[in-house]
Amino acid sequence: MSRLKNGYIPKVLATEYASYRDTVLRTLITRLETAQASISRPISIYDPMAGTGPLIPEVERSGYVGYFNDLNSLHLYVNKAKTYRSYKTFKRIGSATLLKKLCNFTSRLDRNTPMPTEKWIDDVSLRILSSAWSSCEDEIKPVTIILKAIILLSIRDFSSFVKTKNPTWLKPGGTRRNITVEQAFSYAINMLENYYQHTYCGYQAIKGGEINLTDRDCTKYVPKSGVDIVLTSPPYCNRVDWDRLYAPEHYFLRAVGVWHTRCEFIGTTAVRHYDNFDSDIAFISEHSKYLNIFLTKVKERQIGNEKRSDYYLKYFTRYFAGLFRVFEVAASSLHKNNFGIYFVVQDNCHRGMSIDIGRVISQYLSIKGFQTRVLKIWNQHHLGMRNISRKYRAVNPRQRESLWHAIK
Ligand SMILES: C[S@@+](CC[C@H](N)C(=O)[O-])C[C@H]1O[C@@H](n2cnc3c(N)ncnc32)[C@H](O)[C@@H]1O
């Protein structure tokens, strides 16, 4: 079990609201150990929406096979630097050399006074950082991986954005922080070092696992070889828009040509061009009694413009239809003899009504022949509760978390 800092794996990205609480990690790790004890080959696990990949260290330490997918390419690049192999490269090269290389690639940035912009990153900074990204490719692959991760971990420091009342909803524009490249990269290197310290240093017997990282849309993709266990935590409903939360990093990834041109995060707030509403609402209504009641109430409670656009009805329909597809597709990756699906959900509320995501997924999986049960419930999100609604400030958001297991 990793030595958790204050109960958590240390943060590497500036925004890591989504990671598992330590009890979830401990429970999952114990379940993986039990599964491993019953088969002779290394067990394989798949997380279709792996985000920051909290199980990467465990797969490495115990010698499992792990498939970690997330549509957000930022996670792909940063997670590559979280493997045991990257840790060993980091140790061999040393933080001072890595810092020196990056400072050389970007020294022109220090000579430029930060300029106001309406973009996520001003043009000069973007040009210099993009060229540094290309220069990293001249290094040997394991070094390239670490350097690219450090650049991505520093992007916030070179970005121009305004914070809004909603902590996950930034706006582009302004002037970037007047920070030297050395300061920015040192900070990112420290975060990575801190991560390695807690996940790999001091462990005597690290078996070395097989880590497979992808950035595909998990409603359309599964690892080719089957897996023994699926585990995941779905995007929050009506709370975080991943496109906004990581907008500065995505802006950079787009500039260096590695960001999907058109991607659909589960939980996207963009419903204007959503074409599948009729088929999706029919699909989800068939699979959850709870959703039928919930969506009727959502429709009744829409007000003003929302009523005309059916905004919330469309938002929730799209969210749940997406989730059902994720579980259907992920379940298809399970071997015949498998250890089932574990999922961690964070509920939210809409205008005072609880949105019981775990229950909805459980109803869906039951119809698909799984036996589901809740393993543990916590009454609030482990990083605190946030009411970001301007209209419903008085509503106490029940951001309950729960861990579930489903097996056929
Ligand atoms: C609650 S977070 C997962 C957090 C993760 N357990 C961690 O500890 O960082 C949900 C993740 O789903 C990803 N996601 C959303 N839509 C997706 C899609 N269509 N395909 C793959 N990943 C998606 C988001 O990028 C986000 O990282």
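Student: Which residues does Ile45 touch, not counting residues up to four places away in sequence?

Tutor: In this predicted model, Ile45 touches Leu32, Leu55, Val59, Tyr64, Gly66, Val227, Asp228, Ile229 and Leu231. Ile45 is also listed with Ala149, Ile150 and Leu192 as having the most contacts inside the largest nonpolar core, a set of 110 residues. Helix α15 gives the most to this core, with 12 residues.

Student: What makes α15 mostly covered?

Tutor: Look at the count: 15 of the 21 residues in α15 are buried. The helix covers residues 311-331 and reaches 30 Å from its first C-alpha to its last, close to the 30 Å expected.

Student: How do you know that Glu401 is buried?

Tutor: A residue is called buried if 20 or more other C-beta atoms lie within 10 Å of its own. Glu401 has 21 within that distance, so Glu401 is buried. You will find Glu401 in strand β11, residues 401-407. Its C-alpha is 4.4 Å from that of Gln346, although the two are 55 residues apart in sequence.

Student: Why is α15 called oblique to α16?

Tutor: The two helices pack at an angle of about 50 degrees, with their axes 11 Å apart. Roughly parallel needs an angle under 35 degrees, and roughly perpendicular needs 65 to 115. The angle fits neither, nor is it over 145, so α15 is oblique to α16.

Student: Which residues meet where these helices pack?

Tutor: From α15 come Phe320, Leu323, Phe324 and Phe327, and they meet Val360, Ile361, Tyr364 and Leu365 in α16. The crossing is right-handed.

Methods
Residues are numbered from 1 along each chain as its sequence is written. This is a predicted model: local features need pLDDT of at least 70, side-chain atom pairs count only at pLDDT 80 or more; totals for chains, interfaces and linings use all residues. Helices (H or I, at least four residues) and strands (E, at least two) are DSSP runs, numbered from the N terminus. The expected span of a helix is 1.5 Å times one less than its number of residues. A residue is buried if 20 or more other C-beta atoms lie within 10 Å of its own, exposed if 12 or fewer, and partly exposed in between; C-beta atoms are placed from the backbone. A nonpolar core is a set of buried Ala, Val, Leu, Ile, Met, Phe, Trp, Tyr and Cys residues joined through C-beta atoms within 7 Å. Two residues are in contact if their C-beta atoms, placed from the backbone, lie within 7 Å. Axes are lines fitted to C-alpha atoms, for helices over the stretch in contact, and angles run from 0 to 180 degrees between N-to-C directions. A crossing is left-handed if the near helix is turned anticlockwise from the far one by less than a right angle, and right-handed if clockwise.
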